[in-house]
Structures are given as structure tokens and as C-alpha cells.
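Could you walk me through this model in the viewer, one selection at a time? I'd like to know what to click on next and what is there.

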Amino acid sequence: MSTGEKYLAAAYLVLFAAVLLYVVLIALKLARIERELAELARIAKERAGG
Amino acid sequence: MLLTTGLGLALLWAPEDADQGPSQRIFYIHVPVALTAYLCFGWAAWKAFRLLWKRDERADLESYTAVHMGVIFGLLTLITGSIWAKISWGVWWTWSERQLVLFLILFLFYSAYFMLRYSTEPGPRRARSSAVYALFGAVLLPVSFLAIRLAEQLLHPAPLFNRDGPQMSASMFITFCVCLAAMVTLAAALYLIELTGKRADASLRELREHLA
């Protein structure tokens with residue numbers, strides 16, 4: 001692999017890694033929202049029941 | 001699908017540049033990423049304008065999300081540009097190129113947006129001051145974009161388009177267009193996902209306050 005090809009691979013990997021990281025962060029955020037929503041639903045149900 | 005196609009075309013189909021060799025293929029991600037960053041900042045300014053003009057409160061979150069996306073794509077532009085510079089010019093960065101410095105100023109300007117936003121309490125005042133800042137940044141967009149056309153060419157490549165059309169072969173131009181479409185679609189998809197997440201977060205916060 002030539003030096004040019006190594007730099008080319010590095011540039012494409014940076015882009016790929018950034019997109020992957022972003023998707024992982026979004027997934028973590030959505031999982032947190034889902035957990036909080038479930039907790040709020042539970043509180044609302046308890047209040048309605050009580 | 002567009003991204004995969006663009007990647008395939010850029011790496012396998014587009015002809016290799018006679019002067020730069022394989023490293024020239026960085027062009028197919030560097031330029032679309034840079035144009036997408038401009039587009040995100042432009043969209044942020046448009047939403048900021050709507051907030052100030054129409055008093056559309058939803059535009060605050062939209063403008064903020066667009067700046068967020070623009071900064072990410074701006075950072076990617078700087079990183080991929082640095083990699084390309086290292087192989088083409090032998091340096092990671094040069095202060096003598098006005099195009100690079102202007103893009104860095106644009107990037108730092110919008111990075112400072114977050115400091116301004118998080119230094120004030122949430123509410124209409126924060127929304128307005130953020131909008132004014134995002135709108136002010138729009139002034140830098142044409143300056144940075146046109147710098148590549150107006151500045152004296154020292155190291156940075158000449159513009160891709162002039163009055164005679166695209167300055168590249170048909171296969172290179174098609175590959176570039178596919179990569180640009182892929183990058184804009186990716187940015188739009190991430191923008192919508194991020195915006196939905198932020199709206200859901202805001203609704204949850206309201207609901208929590210209501211239930212407390």
C-alpha cells in the first residue's frame with residue numbers, strides 16, 4: 001500500500017468513524033429517552049390508580 | 001445506498017488523477033462534506049431568520065440542530081482537508097492560505113455559538129440571542145465560499161466550476177455529484193433524527209415538570 005493510499009484510507013475511515021460515533025450517540029440518547037418515558041408512564045399510572 | 005454507491009464510484013470507478021495519484025480521491029469526500037457544512041450553516045441562519053421574523057419558536061431548536069450538524073461537518077472538512085494537505089503539500093496546515101483560515105474562522109465562529117447558548121438561561125431571550133448570532137454567521141458563509149474563487153491560488157486547488165462548466169472529466173463529475181447527494185442526504189437524515197430526539201427530550205422535560 002502506497003503512502004497516498006494510506007492517507008486516502010485514513011480520510012475515508014475518519015468519515016466512517018464519525019458517522020458511526022454519531023449513530024451510537026443518537027442510539028444512546030434515544031435509549032435514555034425511552035427509559036425516562038417508561039418511568040414517567042409508570043408514575044402517571046400510579047397516580048391514576050391511587 | 002447513496003453513500004455506498006458514492007464510495008464505490010470514488011474508489012473504484014473514477015479515474016486516478018495523473019498529478020496527485022490515489023490521494024486525489026479524498027476530493028470526493030472533502031468537497032461534499034465542506035459544501036454540506038455550508039448548507040447546514042445556511043439552514044441554521046434561515047431558521048434563525050424565521051425565528052426573529054415570524055416569532056416561530058420551533059425554529060430555535062431547528063437552528064440549533066443545524067448549527068450542531070454544521071460544526072460536525074465542518075470538523076470533518078478540516079480533518080479530511082488536513083489529511084489531503086499532508087499528502088499533497090507535505091504539511092497538515094498552512095496559515096498562508098486564506099481559504100483555509102477563513103474556513104477555520106467560520107468553524108470557530110459557529111463553535112462559539114454553543115458557548116453563547118449555554119451561558120444564558122433557556123427561554124425566549126436565549127432563543128433570540130442565539131438566532132442573532134447564527135444569522136450574523138451567515139455573513140461569513142459567502143466570504144468563506146467565495147474565497148476559494150477570489151483568492152490567489154497558492155496551494156489550495158482551483159474552483160471546480162467556472163463559466164465553462166465543471167473542470168473535471170465526466171466520470172469524475174458524476175462521482176462528485178453522487179457523493180455530494182449522499183452527504184447532503186446523510187446530513188438531512190442525521191438532522192431529522194437529532195431534531196426528533198431533541199424535541200422528545202424537551203417534551204419529556206415538560207412532562208416531568210408537570211408530574212413533579
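Start by selecting B:E16, which sits in the loop between α1 and α2 of chain B. Helices here are DSSP runs of H or I with at least four residues, strands are runs of E with at least two, and both are numbered from the N terminus. B:E16 counts as exposed because it has 11 C-beta neighbours inside 10 Å. The scale goes like this: 20 or more other C-beta atoms within 10 Å of a residue's own make it buried, 12 or fewer make it exposed, and anything in between is partly exposed, with C-beta atoms placed from the backbone. Now add B:M172: its C-alpha atom is 9.3 Å from that of B:E16, although the two are 156 residues apart along the chain.

A word on what you are looking at: this is a predicted model, in which local features need pLDDT of at least 70 and side-chain atom pairs count only at pLDDT 80 or more, while totals for chains, interfaces and linings use all residues. Residues are numbered from 1 along each chain as its sequence is written, and chains are lettered from A and ligands numbered from 1 in the order in which they are written.

Next, zoom out to chain B. Its secondary structure comes to 7 helices and 2 strands, and from the N terminus on you'll meet them as α-α-α-α-α-α-β-β-α. Of the 212 residues in chain B, 37% are buried. Two residues are in contact if their C-beta atoms, placed from the backbone, lie within 7 Å. Among contacts in chain B between residues at least 6 apart in sequence, 74% join residues at least 24 apart.

Now pick B:L3, in helix α1 of chain B. With 17 C-beta neighbours inside 10 Å, B:L3 counts as partly exposed. Leaving out residues up to four places away in sequence, B:L3 touches B:A182 and B:L186. Its C-alpha atom is also 8.9 Å from that of B:T185, 182 residues apart along the chain.

Show α1(B) and α7(B) together. How do their axes cross? They come within 8 Å and cross at roughly 150°; axes are lines fitted to C-alpha atoms, for helices over the stretch in contact, and angles run from 0 to 180 degrees between N-to-C directions. The two helices are therefore roughly antiparallel. Angles under 35 degrees count as roughly parallel, over 145 as roughly antiparallel, 65 to 115 as roughly perpendicular and the rest as oblique. The crossing of α1(B) and α7(B) is left-handed, a label used if the near helix is turned anticlockwise from the far one by less than a right angle, with right-handed for clockwise. To light up the contact, choose residues including B:L9 and B:W13 of α1(B), and B:V178 and B:C179 of α7(B). By class this contact has 10 nonpolar, 5 polar and no charged residues. Nonpolar covers Ala, Val, Leu, Ile, Met, Phe, Trp, Tyr, Cys and Pro, charged covers Asp, Glu, Lys and Arg, and the others, Gly among them, are polar.

Swing over to α2 (residues 27–54) and α5 (residues 124–137) of chain B, whose axes come within 8 Å and cross at roughly 135°. That makes the pair oblique. The crossing of α2(B) and α5(B) is left-handed too. Among the residues that meet are B:F41 and B:A44 of α2(B), and B:A131 and B:A134 of α5(B). The contact holds 11 nonpolar, 1 polar and 1 charged residues.

Now for the largest nonpolar core, which has 55 residues. Such a core is a set of buried Ala, Val, Leu, Ile, Met, Phe, Trp, Tyr and Cys residues joined through C-beta atoms within 7 Å. Those touching the most other members include A:A11, B:C40 and B:F73. α2(B) gives the most to this core, with 15 residues. Click on B:C40: beyond its neighbours within four places in sequence, its contacts are B:A66, B:M69, B:G70, B:F73 and B:A187.

Last stop: the contact between the chains, with 24 residues from chain B and 22 residues from chain A. On the chain B side, α7(B) gives the largest share, 10 residues. Select α1(A) with α7(B): they pack at about 25°, axes 10 Å apart. That makes them roughly parallel. Look for A:L37 and A:L40 of α1(A), and B:L204 and B:L207 of α7(B), among the residues that meet.
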